[in-house]
Structure formats: structure tokens, C-alpha cells
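Open the model in your viewer and keep the sequence panel beside it. This tour tells you what to select at each stop.

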Amino acid sequence: MQGTTRSLLHIVARALGAVCAALLIAGGAFAQQPIKIGMSMPQTGSLGAGGKAELVALRMWVDDVNAKGGLLGRKVELIAYDDQTNPALTPGIYTKLLDVDKVDLLFAPYGTVPTAPIMPLVKQRGLLLMGNFSFQVNHTVKHDMWFNNLPAPDAESWFAGFFEQGQKVGAKSIAFLAADQEFAQNLANGAKELAKKAGMQTVYSQNYPPATTDFSSLIRAIRAAKPDMVFVCSYPNDSVAIVRAMNEIGVGDGVKLFGGGMVGLQFTPIMESLGSMLNGIVNYNSYVPGVKYPGIDEFLVRYQKKAAEEKVDPLGFYLPPFGYAMGQMLEQAVNGTKSIDQKKLAEYLHTHTMQTIVGPISYNKDGEWAQPRMLMIQFRGIADKNLDQWRQPGKQVVLYPPAYKTGDAVMPFDKARGK
């Protein structure tokens, strides 16, 4: 009897040992589950060229983090879906990321239009969202866990440099041309307020449908209005068509400044395609050669090697450094809090300055950069079909802000174009 009891106890002990071992293995496996970061990214559609380039940079950050052992001892996994630059798709994509893919953290898609529809979702669920070059998408939602990675929180910090140039030469009148969609309208409305503050008369103002491809009649109307300045808010495909129409028709010899808020003129394939047609245009940008930030040169060397392999934007000046910086900020918050608790991460981001390859970044209470530094540049001396010229300082002369200024604007516009 005693032998039987001992045998039973031995069997039970072995069984318990096996269960404990299984639990330990399962616990260890769980601890090693990757930290999943989810996002949509436009890889097709009008923002696709920029989105694909930024995705290369984000994956570089993931590789770099994992090479250091990951976050909190866990590998990082990036899950990205193509939103096709279609705002109707992003709510469904982010719902899938959260409910099916079970991601731990979120990056926003690139751009205002795809991001705006997901803001109510992330606020309702109390989620941290790292913004990605969006403009005023939190203006009405007022989500306190939103952190936008954009060097300008409002139209004034975005376009102060444009209007400053016009005032230097006594510009009194202005024409506005803007796409009829949220991003362009928000920017254009802010620019109109700046024009009003500067005492400028609006002599022409026209919104156009986003699907517009022929801008010849609009350029002729601007020319007939005889403005001193022409302010344009456009998306990449529109920007290309507007520049081509402007070069073909002209805007009149009285125009001192042309440009402002044209998305796409920062993308290398578009710059290379337009070439000398860009000369004289004054437009916003986030980074151009000659601006010094710690680590950015080394990053660009690495990015450009990857870009050649992936066949995306070969230089990557506009979005890729900021995509990498978005990852750096999240990394610093996770390491600083030793947690992926979203409220703790939000508190950290609100109270610390992050060191990134695009300089130090700190946030105000609205989740926007506390210290804006959007660049206003002028294209100068651009030749046709010459990729290497874009690697050089001086082809995009920084006019504003003063801390990064590399030259003065050439005006009027025809003179800057070499005509």
C-alpha cells in the first residue's frame, strides 16, 4: 500500500513539474512576444511616393532598435498597410490593426487627409498616436495623447517666412489658389489671415476640385488679376500640373513671389522631373542640404543605399528623417518609462525633450511642436535632368527661419526664374 501511495505521489509530482515547466516556457514565450506597432501608410495614390520613402526609414529604425535588443527586451515588429491616400480606408485599417492584429502602439499615416478620420477612434479608445505630418487634425477632437511630428503647428509658423519675403519688397496684393480638401483649405485659411494681418488685398481666390488636371484657365485668371504675390496650396499631382502651366503661360511680370504651400516639390522624383521649371519658386520644406542636425548626415547615407535597393525617393530629404525621428521619440519614451502603458508614454512625451536626427523635439499641451522650425526655401540655379545637384547646398536656399538662413530671396519672380 505504501509503495502504491509513493508511486502515485511520484506520478503527481512529475505531472505538476511538467505543468510548471510548461507554464514557465509559456511565460517566457509571452515575454518574448514582439511589441507590435501598427500604421497605415500611403504607398499608392497622390501621397504614395512620400509614403514609400518614409516606410523605408521607419523600417530602418525598427532594424536599429532590434539590433540593440529591442524595446524592454522584446523585438519590435512594424505592421503597415497601404491606405492608398484614401481617407475612407483608414478607419477600417486602424480597427483591424487594433482588433485583429492586436498591435500595442500606433503611428499615424502620413498626411492630414488620411489621418483626420481616425482621430475620433483613437480618442474614444484612449490610445497614444504619434502623428505624421498632419495639420490641425486635433484642432476639434482635442485628444491629449496625440503627438504630431511636424515642424509647424499652425499656419503662422508654416508660412511666416513666405509673407516676410513679400513684405520686404512692399507687396500689397495677393492671389490664392487651393485644392478643395481639408489640408489645403486649413493652410489656405491660415495664410489668408496672415495676408490680412499684413494689410494685403486679396485680388483672386479660387478653390479647385482635387481631381483637376488642367490649370491653364486658373493661371490665366491669376495673371489677369495682377497680384504681387501668388500663394498656392496643392497636393503632389496638382503641384506638378500647376508648375507646368505657370511655366507655359506665366503669371505676369508684377509677381514678386510664387509658391508657399505646394506639397510634392519636396519629393526628389518630382524635383528632378520639373528641373529648371522650379527656379524662383518659394516654398516650404522640412529639410534641405546644408541644414545641420546631429546624426542626419549618417542617416541619409544609410537611407540612400536602402532607397536604391527599394527604388524609392533616392535622396529622402523631406519625410524619411522625420519618420526615423518618430521612431526615436517613441523609443525614448518607452525606455524612459520602462513601459508601453499609453498614458505613461503620453505623460513622458509631454514632459521631456526628445533628441532626434532632426534636432530636439518637445511638445506643447496640444501635442504639437513647442518650437516650430518649418523652412521656407527658394529654388535657385536648377538645371534639367541632374540628380546630383540636389545633394548640394544652395539649390534650395533657406530664407527662413533666421537660425537656418543661407541666403536672401531673389525677387521679383521673373528675375529669380532667370527671365
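The stops are one residue and then two pockets.

This is a predicted model: local features need pLDDT of at least 70, side-chain atom pairs count only at pLDDT 80 or more, and totals for chains, interfaces and linings use all residues. Numbering runs from 1 along each chain as its sequence is written, and side-chain values use heavy atoms, without hydrogens and water.

**Stop 1.** Select Thr-115. It sits in helix H4, residues 112–115 (a DSSP run of H or I, at least four residues, numbered from the N terminus). Is Thr-115 buried or exposed? Its relative accessibility is 0%, so Thr-115 counts as buried (under 20% relative accessible area, 1.4 Å probe, protein chains only). Now show its contacts (heavy atoms within 4.5 Å). Beyond neighbours within four places in sequence, Thr-115 touches Ala-108, Pro-109, Ser-134, Val-137 and Trp-146.

**Stop 2.** Go to the largest pocket (on a 1 Å grid over the protein atoms alone, an open set of points where a 1.4 Å probe fits, with protein on both sides within 12 Å along at least five of seven lines; lining residues have an atom within 4 Å of a point). Its volume is about 280 Å³. Select lining residues including His-139, His-143, Asp-154 and Lys-365. The lining has six charged, five polar and one nonpolar residues.

**Stop 3.** Move to the second largest pocket, about 210 Å³. Among its lining residues are Ser-46, Val-113, Gln-181, Tyr-235 and Asp-238. Colour domain 1 (35–151 + 293–361) and domain 2 (155–285 + 380–416). Both give residues to this lining, so the second largest pocket lies between them.

Technical notes. Helices (H or I, at least four residues) and strands (E, at least two) are DSSP runs, numbered from the N terminus. Buried means under 20% relative accessible area, exposed over 50%, partly exposed in between (1.4 Å probe, protein chains only). Grid points are joined across faces, edges and corners, and a volume is the space filled by probe spheres set on the points. Ala, Val, Leu, Ile, Met, Phe, Trp, Tyr, Cys and Pro count as nonpolar, Asp, Glu, Lys and Arg as charged, and the others, Gly among them, as polar. Domain bounds come from an automatic or database domain assignment.
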